[in-house]
Amino acid sequence: MGLDAFVYCRCWQDGLTTPCPVGPVGYDEEGCLTLLPTDRYDAAAENAFYAWMAEDACPHRHMELVSEGVANWTGVRMFQQALRAAGADRFPTLVAGLPDGNDGGLTAGQAATALTELDAFRDGRIADETALVDEATGEVVMQYIESYRGVFMHGPGWHAGVEPAGFFVVDTAAEPPVTLFRATRFAQRVLPDGRVELVGDDGTRATVAMRPVGEHGSPPPERLAVSTRPRSADEYAYIVEPLRRLCAASVATGNPVMWC
């Protein structure tokens with residue numbers, strides 16, 4: 001699951017489409033080209049409209065000049081966090097315009113401003129990142145994501161995560177929830193009964209009925225540490241570049257960027 005977006009071509013506005021076999025056609029309140037409602041619902045007409053729009057209306061499939069899979073939701077949240085850390089006042093259009101769900105969009109005017117902000121982000125300094133790292137390999141197991149309060153593992157009655165203060169495991173079945181373990185550097189060991197023993201370098205210790213941290217079809221890391229590492233703007237190219245293509249298409253056509 002993630003955020004997708006598109007920008008319509010101008011073929012409909014400029015009268016360059018083939019005749020639509022059904023009608024009436026127009027833009028709805030969200031800015032989507034659609035078969036406008038009539039006195040009764042006509043499924044056959046709706047199917048004919050979408051088939052026309054997908055293949056026959058103009059050279060652009062679905063009448064979209066640009067269509068992008070922007071990022072998965074974790075990637076979106078990481079970028080939003082990076083924007084805020086770099087200075088929300090420097091990127092007001094991106095901070096306000098990137099959605100929390102699959103709806104809404106950016107006007108062509110907002111897209112023009114967003115292009116300038118994306119270039120500034122790409123050329124500017126990015127804030128350091130807090131991450132949980134496999135000490136043996138240096139591989140990042142999980143980054144701290146503020147929107148998720150650092151939580152990246154969930155199970156029955158527990159969750160675990162990473163934040164600047166350390167890796168943590170919380171008993172969510174307790175009322176109120178209880179922190180079972182917290183450490184900035186620790187070892188983990190899977191016991192014969194399947195539980196995980198966690199031992200912090202500061203002497204903290206817990207045995208928890210949870211999955212090992214960092215297990216993805218291979219032996220889990222034996223030692224992990226919370227570290228702060230520098231990030232570069234290049235690491236956000238996965239979302240900056242599709243956003244730039246969308247915003248450039250919006251400016252060129254005058255049509256909005258539509259989140260979906």
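Contact here means heavy atoms within 4.5 Å. The model is predicted. This briefing covers helix α4, an open four-stranded sheet with its packed helices, the residue Arg-77, and the strands β8 to β10.

**Helix α4**
- Helix α4 covers residues 108-123, and its 16 residues should span 22 Å at 1.5 Å a residue; the end C-alpha atoms are 23 Å apart, which agrees.
- Ala-111, Ala-114, Leu-115, Glu-117, Leu-118 and Phe-121 are the buried residues of this helix.
- Those buried residues pack against three helices and two strands: α2 (73-87), α3 (92-97) and α5 (237-253), together with β5 (105-106) and β16 (257-259).

**The four-stranded sheet**
- The strand order in this open sheet is β4-β1-β16-β5, and the pairing is antiparallel.
- Strands β4 (64-72) and β5 are at the edges with a single partner strand each, so one side of each has no neighbour in the sheet.
- Strand β1 (residues 2-8) runs antiparallel to β16 and is joined to it by two bridges.
- Phe-6 has Met-258 of β16 as its bridge partner.
- Helix α2 packs on the sheet, where it touches β1 and β4, and its direction makes about 85° with that of β4.
- Helix α5 also packs on the sheet, touching β1, β4, β5 and β16; the angle between its direction and that of β4 is about 155°.

**Arg-77**
- Arg-77 belongs to helix α2.
- Its relative accessible area is 11%, and the cut-off for buried is under 20%, so Arg-77 counts as buried.
- The side chain of Arg-77 makes a polar contact of 2.9 Å with the side chain of Gln-80.
- A polar atom of the Arg-77 side chain also lies 3.4 Å from the backbone oxygen of Asp-100.
- Apart from neighbours within four places in sequence, Arg-77 is in contact with Pro-99, Asp-100, Ile-145, Ser-147 and Tyr-148.

**Strands β8, β9 and β10**
- Strand β9 (residues 158-163) is mostly covered, with five of its six residues buried.
- Four bridges pair β9 with strand β8 (residues 151-155) in the antiparallel sense, and His-154 stands opposite His-159 in β9.
- The hairpin formed by β8 and β9 has two residues between the strands, and Gly-157 in the turn has a positive phi of about 85°.
- Strand β10 (residues 166-171) pairs with β9 over six bridges, again in the antiparallel sense.
- Two residues link β9 to β10 in a hairpin, and Glu-163 has Gly-166 of β10 as its bridge partner.

Definitions and conventions. Residues numbered from 1 in each chain as written. Predicted model: local features only at pLDDT ≥ 70, side-chain atom pairs only at ≥ 80, totals over all residues. Heavy atoms only, no water. Expected span 1.5 Å × (residues − 1). Buried < 20%, exposed > 50% of the residue type's maximum accessible area, 1.4 Å probe, protein only. Pairing = 2+ DSSP bridges. Axes fitted to C-alpha atoms, helices over the stretch in contact; angles between N-to-C directions. Polar contact = N/O pair within 3.5 Å; in protein donor to acceptor, adjacent residues only side chain to side chain.
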